[in-house]
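Reader: I should like to learn how the features of a structural model are read, one at a time. Please give the general idea in each instance and then the case at hand.

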Amino acid sequence: MPTDFHQKSLSLLSEQLSAKGLNTNFLIQKIASFQIAVPSWALGAGGTRFGRFLIGGEPRNLEEKLEDIGLLARITKRTDAVSLHIPWDIPQDVQLIKQKAADLHIRFDAMNSNTFQDYGQPLTYKMGSLSNADPNIRKQAVEHNLLVIEIGKELGSKGLTVWLADGSNFPGQAHIRKALQWTTESLQEIYAGLPADWKLLLEYKPYEPNFYHTVIPDWGTSALICKQLGERAKVLVDLGHHLPNTNIEQIVATLMHQNMLAGFHFNDSKYGDDDLSTGSIKPYQLFLIFCELTNGAEEKAQSWESISWMIDASHNTKDPLEDLIQALESISQAYAKSLLVDRNQLNQCQLEGDVVGAQEVLQDAFLTDVRPLVREARMQSGGELDPLDYYRREKIREKRILQRGKNTQASGL
Ligand code: RM4
Ligand code: MN
Ligand code: MN
C-alpha cells in the first residue's frame, strides 16, 4: 500500500472523528500501547487428530520460537511477550533464553502448565490430573504446576495459566462432586506456591477432550473455585471454550463487575476449540467484547492493567506467522472500534429505552474503518505499514525453510 494512500485515509478519518469530538492522537496512543502475548505453540502448523501437514521452516527449539515472535514484534508492534507451555518449551539454558528474549524485546507472559498429555512422567493422566481419584497422580500434577512456577520465576513471568482436560467421557466414569473437590484442593496447593506478585489464571471449557463432563466446564465453576483460592486467582476467558450462541460479552461484563477477569485467550470458533483466527468468523462479537472491556475499565469495574491478553490458536492450513499477523490486526481493530463508541449517547438510549438508537450507536463505531488508525499506531511505533505484505515481500517463510529445513516440526499441538 502506498504511503500517500495511508496519509490520505488517515486525514479523512481524523476529520470524521474530530467532528464527533474524538481526538485522533489520543486514539493512536491507546492503540499503540495495547500489546498481546503470543503463545509458543502457535508458531508451528497445528494438527488435528487426523494428522498434521508441515509448513516448512517451523521453529526447532525455543530460541527459534523466540526469533519468530521477535519478528512479529518488530513488524507489527502489537506483541511484546511470549506465553510458554511446559513441558513443550522447557528452557535448556535459562540465561541464554532470557538474554535472547531481552535482545528481541520480548517479555515472558503467563506460563502454561500441561497435565493433559503423558510425556514420560511416572503416572498417567489418562483418567485426569488435578481431579484424579488417585492421590499420587494429583500430587504429581500439583508438583508439575509448582515446577512451572519455578521455571516462570527464573524467566520473570508473573502468572500461571491452568487449563485442565480433566473430566469423563461416560456417565458413571467419574464422581462428579469428588472430582470438583479434588480439583479445588489441588489448586489450593498450587496457589499456596504462587509468589505474592503472581496471579493464577483458571480456564474453563465445556467439552474436549472429555465429552460427557468436564470438571471446570464454565466461567461460573471457574469463579467458584477461584473464590476458594484467593484474590489472585481469576477466570481466564478462552473465546473458543463456549457452547454455540453463548453471550461471551456478558460473561466478560459479569466477571469485570466482580473484579474476576484474569485475561483472554483470543481465537474464533465455528465448532471446536482454538480452531480459527480471532475475528475471522465473528468480528462483531469481538467488538462487543471489547466494548465491555473498555467500558468496564473506564467505569472502574476492573482495571485494564490487571487483565492479561493472549492469542491461543493453532491451525493446520495457514502459515502460522501470517495467521498471527492477521490475529493481532483483528484484535487491534476491535479494540480501536470499541474506543469510538459514543458512551453518552448510548447511556441516553438505554435510559430512554431507545433500542434502535442503541444499535445505531454501536454499529456506527463498528462500521467505521479504523485501519488507518491501527496502521498509524504501528508506524509511529516503528513497525511496518503493512506487515503481511512485508512478510510476503521479504519471503520470510522461504528464508526460514532455507535456514531451518523443510521438514522441521515445532513442539506443541
Ligand atoms: C487448550 C486450552 C489451553 C491451551 C491448550 C493448548 O484448549 O485452550 O489454554 O494451553 O489448548
Ligand atoms: Mn486457552
Ligand atoms: Mn482453547
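Author: Let us begin with the vocabulary. Helices, of at least four residues, and strands, of at least two, are DSSP runs numbered from the N terminus. Please bear in mind that this is a predicted model.

Reader: In which loop is Pro 209 found?

Author: Pro 209 belongs to the loop between β7 (199–203) and β8 (213–214).

Reader: What is the conformation of the peptide bond from Glu 208 to Pro 209, cis or trans?

Author: As a general idea, most peptide bonds are trans. The bond that joins Glu 208 to Pro 209 is cis, and its omega is near 5°. A second case is the bond from Ile 86 to Pro 87, which is also cis, with omega near 20°. Pro 87 sits in the loop between β2 (81–83) and α4 (94–103).

Reader: The backbone angle phi also deserves attention. What is the sign of phi at His 105, positive or negative?

Author: Most residues other than glycine have a negative phi. His 105 is not a glycine, yet its phi is positive, at about 60°. This histidine is located in the loop between α4 and β3 (107–108). With a relative accessible area of 64%, His 105 is exposed. Asn 245 offers another example: this residue, likewise not a glycine, has a positive phi of about 70°. Asn 245 occurs in the loop between β9 (233–238) and α8 (248–257), and a relative accessible area of 81% makes it exposed.

Reader: How should one read burial, and is Thr 278 buried or exposed?

Author: A residue counts as buried under 20% relative accessible area. Thr 278 has 3% relative accessibility and therefore counts as buried. Its position is the loop between β10 and α9. Leaving aside residues up to four places away in sequence, Thr 278 touches Leu 239, Phe 266, Asn 267, Asp 268, Leu 286, Ala 327, Ser 330 and Ile 331.

Reader: Which residues does Ile 151 touch, not counting those up to four places away in sequence?

Author: With that exclusion, Ile 151 touches Ile 86, Ile 90, Pro 91 and Met 111. Pro 91 is 60 residues from Ile 151 in sequence, while their C-alpha atoms are 8.2 Å apart in space. Ile 151 lies in helix α5 (residues 135–155) and is buried, its relative accessible area being 11%.

Reader: Let us turn to helix packing. At what angle do the axes of α3 and α4 cross?

Author: Angles under 35 degrees count as roughly parallel. Helix α3 (residues 62–76) and α4 have axes that cross at roughly 10° and come within 10 Å; the two helices are therefore roughly parallel to each other. On the α3 side the contact is made by Leu 62, Glu 63, Leu 66 and Glu 67, and on the α4 side by Leu 96, Ile 97, Lys 100 and Ala 101. By class, this contact has five nonpolar, no polar and three charged residues.

Reader: How are α9 and α12 oriented, parallel or perpendicular?

Author: Angles of 65 to 115 degrees count as roughly perpendicular. Helix α9 (residues 283–298) packs against helix α12 (residues 355–366) at about 110°, with the axes 11 Å apart, so α9 and α12 are roughly perpendicular. From α9, Pro 283, Tyr 284, Phe 287, Leu 288 and Cys 291 meet Leu 362, Gln 363, Ala 365 and Phe 366 from α12. This contact comprises eight nonpolar residues, one polar residue and no charged residues.

Reader: Finally, which residues coordinate the manganese ion (ligand 2)?

Author: The manganese ion (ligand 2) is coordinated at 2.1 to 2.6 Å by Glu 203 (OE), Asp 238 (OD), His 265 (ND1) and Asp 312 (OD).

Reader: What geometry does the site of the manganese ion (ligand 2) have?

Author: Ideal angles for six octahedral donors are 90 or 180 degrees. The site of the manganese ion (ligand 2) has six donor atoms, with angles of 72 to 170° among them, and is octahedral. Along the sequence, the donor residues of this ion follow the spacing E-x34-D-x26-H-x46-D. Two of these donors, His 265 in strand β10 (residues 261–266) and Asp 312 in the loop between β11 (308–311) and α10 (320–339), are 47 residues apart and link distant parts of the chain. His 265 counts as buried at 1% relative accessibility, and Asp 312 is buried with a relative accessible area of 5%.

Reader: Which residue bridges the manganese ion (ligand 2) and the manganese ion (ligand 3)?

Author: Asp 238 bridges the manganese ion (ligand 2) and the manganese ion (ligand 3), and the two ions lie 3.3 Å apart.

Conventions:
Residues numbered from 1 in each chain as written. Chains lettered and ligands numbered in written order. Predicted model: local features only at pLDDT ≥ 70, side-chain atom pairs only at ≥ 80, totals over all residues. Heavy atoms only, no water. Axes fitted to C-alpha atoms, helices over the stretch in contact; angles between N-to-C directions. Parallel < 35°, antiparallel > 145°, perpendicular 65-115°, else oblique. Contact = heavy atoms within 4.5 Å. Nonpolar A, V, L, I, M, F, W, Y, C, P; charged D, E, K, R; others polar. Donors = N, O, S within 2.8 Å, 3.2 Å for Na, K, Ca; no water. Tetrahedral: all angles 85-135°; square planar, octahedral: opposite > 155°, others 65-115°. Buried < 20%, exposed > 50% of the residue type's maximum accessible area, 1.4 Å probe, protein only.
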